[in-house]
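Let's look at some aromatic rings together and reason through a few questions, one step at a time.

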Amino acid sequence: MEKTPKIAIYPGSFDPITNGHIDIIKRAIMLFDQVIVSVTRNLSKSPLFDETERVQMIRESLNDFPHISVESFDGLLIDYAREKQASAIIRGLRAVSDFEYEFQMALVNRKLHDDVVTVFLMTHDKYSYLNSSIVKELVRLGGDVDFFVPAHVRTRLEEKLRVK
Ligand code: ADP
């Protein structure tokens with residue numbers, strides 16, 4: 001009998017993708033047959049990069065990774081996950097400060113649909129203080145972000161943020 005592939009969704013703003021996100025994706029692919037990196041379209045905060053740019057940067061960062069796809073989505077995450085036949089939603093945890101909000105979201109999603117499990121993965125400690133906002137701020141102020149994002153992402157950030 002054919003085994004049903006285990007699919008996970010990794011949702012987020014990815015404005016832009018950082019090495020912390022990539023670390024989580026690499027860990028997720030060890031656990032699932034397919035990981036769908038899903039860029040949220042309806043952000044309350046207005047993003048620096050539009051959804052097409054965010055998807056493109058993720059694709060470029062994951063060029064040589066098998067079993068990963070990238071798309072954007074709108075609406076309720078749990079409905080989208082079910083539509084994709086995903087059994088899990090992946091979220092990254094950096095510090096205790098992430099926990100409260102993530103715990104609340106996971107419980108709400110479980111209340112809506114108990115058949116999709118939220119899985120928390122811990123990032124490598126070297127990325128534990130990293131987020132997209134800090135990277136944007138650093139580039140804006142002329143800081144070096146080579147350790148935090150792939151080179152092509154740094155170039156795009158500089159194009160958008162550096163005063164010419
Ligand atoms: P969102 O707006 O949904 O939080 P983000 O792009 O900020 O979108 O983050 C997407 C997911 O990646 C979240 O689960 C977040 O905790 C996780 N994440 C963000 N940065 C890191 C990092 N440096 N290490 C591990 N996980 C991270």
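**Aromatic pairs, step by step**

Tyr-129 is partly exposed, with a relative accessibility of 47%. Keep in mind that this is a predicted model.

Q: Is Phe-148 buried or exposed?
A: Buried means under 20% relative accessible area. Phe-148 has a relative accessibility of 13%, so the label that fits is buried.

Q: Which kind of aromatic pair do Tyr-129 and Phe-148 form?
A: The ring centres of Tyr-129 and Phe-148 are 6.2 Å apart, and their planes make an angle of 85 degrees. Planes over 60 degrees apart count as edge-to-face. The pair formed by Tyr-129 and Phe-148 is therefore edge-to-face.

Q: How many residues apart are Tyr-129 and Phe-148?
A: Tyr-129 sits in the loop between strand 5 (117–122) and helix 5 (132–140), while Phe-148 sits in the loop between helix 5 and helix 6 (151–161). This pair links distant parts of the chain, and the separation is 19 residues.

Q: Which residues form one aromatic cluster with Tyr-129 and Phe-148?
A: Tyr-129 and Phe-148 belong to one aromatic cluster. Its other members are Tyr-127 and Phe-147.

Q: How many aromatic pairs does the count come to?
A: Rings pair if their centres lie within 6.5 Å. By this rule, the count is six.

Q: What kind of pair do Phe-99 and Phe-103 form?
A: Both residues lie in helix 4 (residues 96–112), four residues apart, about one turn of the helix. Their ring centres are 5.1 Å apart, with 20 degrees between the planes. Planes under 30 degrees apart count as stacked, so the pair of Phe-99 and Phe-103 is stacked.

Terms used. Residues numbered from 1 in each chain as written. Predicted model: local features only at pLDDT ≥ 70, side-chain atom pairs only at ≥ 80, totals over all residues. Heavy atoms only, no water. Helix = DSSP H or I, 4+ residues; strand = E, 2+ residues; numbered from the N terminus. Buried < 20%, exposed > 50% of the residue type's maximum accessible area, 1.4 Å probe, protein only.
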